[in-house]
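Student: I have a new structure on my screen and I'd like to learn how to read it. Can we go through some features together?

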Amino acid sequence: MIEIIVNGKSMAWTSEKNVYTLIIDTLNYPAESSRFVVALNGELLPAEEWPSTRVNNGDIIDVLGAITGG
């Protein structure tokens with residue numbers, strides 16, 4: 001198990017997984033990624049890199065959604 005921070009909260013998670021698995025399968029965000037962005041350790045991570053980017057111990061992941069209004 002590894003410790004990561006997701007949206008400001010500590011989380012124990014299985015090692016050897018990628019960002020896509022964390023966001024879509026574990027956190028249950030929709031696979032349609034155009035409604036939110038992911039930052040890994042303060043850097044925006046393009047959706048096409050999620051499957052190839054491994055989550056490491058101590059990583060800080062923020063999922064940010066768009067807010068509309070008028």
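Tutor: Sure. Let's start with strands: here, a strand is a DSSP run of E with at least two residues, and strands are numbered from the N terminus. Keep in mind that this is a predicted model. In this case, Leu-64 lies in strand 5, which covers residues 60-65.

Student: Is Leu-64 buried, exposed or partly exposed?

Tutor: Partly exposed means between 20% and 50% relative accessible area. Leu-64 has 43%, so it counts as partly exposed. Together with Val-37 and Leu-44, Leu-64 makes a nonpolar surface patch of about 280 Å².

Student: And what about the nonpolar core? Which residues touch the most other members?

Tutor: The general idea first: in soluble globular proteins, nonpolar side chains tend to be buried together. Here, the largest nonpolar core has 17 residues, and Ile-4, Leu-22, Ile-23, Trp-50, Val-55 and Ile-61 touch the most other members. Strands 1, 2, 3 and 5 and helix 1 each supply at least two residues of this core. Helix 1 gives the most, with four.

Student: What does Ile-4 touch, beyond its close neighbours in sequence?

Tutor: Leaving aside residues within four places in sequence, its contacts include Met-11, Trp-13, Leu-22, Val-55 and Ile-61.

Student: Now a loop residue: is Thr-53 buried or exposed?

Tutor: Buried means under 20% relative accessible area. Thr-53 is at 16%, so it is buried, and it is found in the loop between strand 4 and strand 5. Its side chain reaches the backbone oxygen of Glu-49 at 2.7 Å. Not counting residues up to four places away in sequence, Thr-53 also touches Lys-17, Asn-18, Val-19, Leu-40 and Leu-45.

Methods: Residues are numbered from 1 along each chain as its sequence is written. This is a predicted model: local features need pLDDT of at least 70, side-chain atom pairs count only at pLDDT 80 or more; totals for chains, interfaces and linings use all residues. Side-chain values use heavy atoms; hydrogens and water are left out. Patches are made of residues with over 30% relative accessible area and no salt bridge: like charges are joined within 9 Å, nonpolar side chains (Val, Leu, Ile, Met, Phe, Trp, Tyr) within 5 Å. Accessible areas come from the Shrake-Rupley method with a 1.4 Å probe; for residues, only the protein chains shown count as cover. A salt bridge is a side-chain nitrogen of Lys or Arg within 4 Å of a carboxyl oxygen of Asp or Glu. Buried means under 20% relative accessible area, exposed over 50%, partly exposed in between (1.4 Å probe, protein chains only). A nonpolar core is a set of buried Ala, Val, Leu, Ile, Met, Phe, Trp, Tyr and Cys residues joined through side-chain atoms within 4.5 Å. Contact means heavy atoms within 4.5 Å. A polar contact is a pair of N or O atoms within 3.5 Å; within protein, one must be able to donate a hydrogen and the other to accept it, and residues adjacent in sequence count only if both atoms are side-chain atoms.
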